[in-house]
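Here are my notes for a first reading, set out as numbered points. Please keep the sequence and the 3D view open beside them.

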Amino acid sequence: MKKQTRVIIGLLLSVISLCFSILIITDTIPTSPKKPKYIFYFIGDGMGLNHILGTEQYNAEKSGKGGIELLNFSKFPIRNFVTNHSASTLVADSAAAGTALATGCKTTNTYIGIDSENRELRSLTDVASDEGYMVGLVTNVGINHATPSSFYGHTSDRFAFPKLIDDYINSDVAFIAGATLIDAKRVKSATNTKIISTAELAERVRNAGIHLTSNAEEAGNIVGNRVALVEYDKKNKTLPYVLDRKGGEPSLIDYTKAAINYLSNNTKDGFFLMVEGGKLDYASHEQDAVATFLEVNEFAATIDLALAFAKQHPKETLIVVTSDHETGGMSLGYDNYEVRMNMLMGQKASSIELTRIVQDMRAEGKRNWNEYKQVLNDYLGLWSLVPVSKEEEALLRRDFYDIFLKYGPMVSGLYNNSEVLVYDAVRILNRAASIEWTSMLHTGLYTPIFAIGIGEREFIDCRDQTDIPKVIADLMGGEL
Ligand SMILES: [Zn+2]
C-alpha cells in the first residue's frame with residue numbers, strides 16, 4: 001500500500017471513530033433536560049400568605065400537636081412571593097389577575113384575555129397546544145368564571161358568560177371541569193343583553209361535539225373526544241364548601257382525578273393542567289376562617305394527586321402553586337400576642353349554610369331567641385366552647401330582633417349574602433380565635449409561588465405574577 005493511501009485510510013478511520021464518539025455522547029445527553037412533559041399549575045383563588053399559615057395552625061391544633069403543621073406545598077424547594085396589582089389599580093380583581101397568570105400580561109380589572117388596549121392575548125393554553133401538550137382546566141366554581149376563562153377567553157366584561165362559553169368551545173382546551181356553566185342572567189352586565197340559560201349553554205357545548213357529563217368517573221375514562229365535566233343541572237352555581245359537603249357530593253379532588261385520568265389516557269405527548277381552588281376565595285369574601293382553611297386543605301389535597309403523579313414520572317413533571325391575589329386581608333393575631341385556633345373547633349357549617357338554616361327557621365315561624373341561640377351554639381360552638389361577652393350577646397339579640405322587625409337584614413358579600421345575625425356570630429367566633437379581617441373584597445398583598453420538579457429553579461427570579469406564566473411558556477419551549 002502506498003503511503004498516501006495509508007494516510008487517507010487512517011484519516012477516514014479517525015473520522016468514522018470520531019462520528020461514533022459523537023453519536024455515543026449525543027445519545028447519553030438528555031435531549032432537553034429542562035423541558036417538563038407534565039405541567040401542573042395550581043391557583044388558590046384569594047390565597048394569601050396568611051391563608052396558608054392559618055390553615056397550618058388550624059391543622060396543627062386539630063391534630064392535637066399545636067404550633068404549625070406545614071402543608072405539602074409549603075415544603076416545596078422553591079418558595080417565593082410576587083406582586084399582583086392590575087394595570088388599572090393596586091388591587092386586582094380575579095379577571096385581571098387570572099389574565100396575568102394565564103398570559104403574562106397585566107390588564108384592566110374585569111378584562112379577560114385581552115390587554116388594556118383590547119388586544120387579544122396568547123395564553124398558556126395556546127402555547128401548550130402549539131408545543132404539543134394536551135390542555136385541561138379544573139375548578140370548583142363555574143367553568144366560565146374569571147380564573148378558568150382567563151385560559152381561553154377574550155373579553156373586557158368578565159360577566160359576559162355566554163361569550164366565554166363560545167370562546168371555550170373554540171379553544172384548544174381538551175378537558176374542562178367545574179360546577180356549572182354560568183348563565184347570562186345571574187349578573188347584570190353591559191354585554192349580557194339577552195337572557196341565555198345554563199341549559200341553553202349546555203346545548204351549545206353538546207352541539208360542538210363536546211362530551212358533556214356530570215359523572216366524574218365517566219369523564220375521566222372518555223378517549224378521543226373533548227370533555228366538559230359539569231354539574232350544570234344543579235341549583236348551586238359552585239360545588240359545596242368542604243365544611244357543608246354531604247356524602248356523595250362532588251369535590252375538587254374528584255374533578256382533578258378525572259382530569260389526570262383523561263389526560264393520561266388521551267395523550268402520550270404530555271399535558272398542561274390548571275387547577276383552581278375557587279371556593280377558597282368565596283369563603284374569604286364571607287370572612288369565614290374555618291370555611292377558608294378547609295378549602296385550603298382541599299386545594300392541598302389536589303396537589304397531593306399531582307405529587308403522586310410526579311412520583312410515577314419523576315424526571316418529567318413540574319408542579320407550580322400560586323394565587324391570583326389575597327382576599328379578605330386576614331390577620332392572624334388581633335387582640336393579644338396569641339392566636340387561639342382551639343376556639344374554631346366547634347364550627348360545623350359555613351356562614352352560608354347557617355344563613356340558610358336561620359332563614360328556614362324564620363320561614364317556619366320560629367320567634368324564640370333561645371332557639372336561635374341554640375343553633376349558634378350547635379354550629380359555631382358559641383357559649384359552650386367560645387365565651388361570648390355581654391356586649392356581644394346584646395349585639396346578637398339586636399340582630400335577632402331585626403330579623404323580625406326589619407324582615408331579615410343581610411350583609412352583602414360579593415357572591416353570597418349572610419344574615420346579619422350569622423355574620424356577626426361568625427365574626428365573634430373569628431375574633432375569639434384572634435383572627436380579624438380587614439376587607440370584604442381583595443387586597444393587594446404579596447401572593448406566594450411554590451415550585452417543585454423539572455425547571456423549578458427558573459421560578460426563583462419571579463418578581464411579579466406575570467413572570468410565572470412566562471417561565472412556564474419558556475419551559476414548554478414556546479412564547480406567550
Ligand atoms: Zn380571584
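The points below go through a metal site, a strand, a pocket, two helices and one loop residue in turn.

1. Before anything else, please keep in mind that this is a predicted model, and read each value in the points that follow as computed from that model.

2. I would begin at the zinc ion, which is coordinated by two OD contacts of Asp45, the OG atom of Ser94, an OD contact of Asp324 and the NE2 atom of His325, at 1.8 to 2.8 Å. Written along the sequence, the spacing of these donor residues is D-x48-S-x229-D-H. Asp45 belongs to the loop between β1 (38–44) and α2 (49–62), while Asp324 belongs to the loop between β8 (317–323) and β9 (326–327), so this pair ties together parts that are 279 residues apart in sequence.

3. Are these two aspartates, Asp45 and Asp324, buried or exposed? Asp45 has a relative accessible area of 2% and is buried, and Asp324, with a relative accessible area of 0%, is buried as well. The cut-off behind this reading is that a residue counts as buried when its relative accessible area is under 20%.

4. The strand β7 (residues 271–277) deserves a careful look, because seven of its seven residues are buried, so the strand is largely enclosed by the rest of the structure. In a regular strand the side chains alternate between the two faces of the sheet. In β7 both faces are covered, with Phe271, Leu273, Val275 and Gly277 buried on one side and Phe272, Met274 and Glu276 buried on the other.

5. Which strands does β7 pair with? One of its partners is β1, which runs parallel to β7 and is joined to it by seven bridges, and another is β3 (residues 134–139), which also runs parallel to β7 and is joined to it by six bridges. Glu276 in β7 is a useful place to see both pairings, for Ile43 stands opposite Glu276, and Thr139 stands opposite Glu276 too.

6. The second largest pocket has a volume of about 160 Å³. Its lining includes Leu49, Ile52, Leu53 and Glu56, together with Arg79, Phe81, Pro448 and Phe450 among others. The elements α2, β2 (78–82) and β15 (447–453) each supply at least two lining residues, and α2 gives the most, with four. Sorted by class, the lining holds eight nonpolar, two polar and two charged residues.

7. How far does helix α11 (residues 289–312) reach from its first C-alpha to its last? The 24 residues of α11 span 35 Å, which is close to the 34 Å expected at 1.5 Å a residue. This helix is mostly covered, since 17 of its 24 residues are buried.

8. In helix α16 (residues 467–476), seven of the 10 residues are buried, so this helix too is largely enclosed by the rest of the structure. The buried residues of α16 are Ile468, Pro469, Val471, Ile472, Ala473, Leu475 and Met476. Just after α16 comes Gly477, which takes a positive phi of about 95 degrees.

9. Finally, Phe159 sits in the loop between α5 (146–149) and α6 (161–169), where it counts as partly exposed, at 27% relative accessibility. From C-alpha to C-alpha, Phe159 and Asn144 are 8.9 Å apart in space, although 15 residues separate them in sequence.

Key: Residues are numbered from 1 along each chain as its sequence is written. This is a predicted model: local features need pLDDT of at least 70, side-chain atom pairs count only at pLDDT 80 or more; totals for chains, interfaces and linings use all residues. Side-chain values use heavy atoms; hydrogens and water are left out. Buried means under 20% relative accessible area, exposed over 50%, partly exposed in between (1.4 Å probe, protein chains only). Donors are N, O and S atoms within 2.8 Å of the metal (3.2 Å for Na, K and Ca); water is not among the atoms, so sites may look incomplete. On a 1 Å grid over the protein atoms alone, a cavity is a set of points where a 1.4 Å probe fits but cannot get out, and a pocket is an open set with protein on both sides within 12 Å along at least five of seven lines; lining residues have an atom within 4 Å of a point. Grid points are joined across faces, edges and corners, and a volume is the space filled by probe spheres set on the points. Ala, Val, Leu, Ile, Met, Phe, Trp, Tyr, Cys and Pro count as nonpolar, Asp, Glu, Lys and Arg as charged, and the others, Gly among them, as polar. Two strands pair if DSSP finds at least two bridges between them. The expected span of a helix is 1.5 Å times one less than its number of residues.
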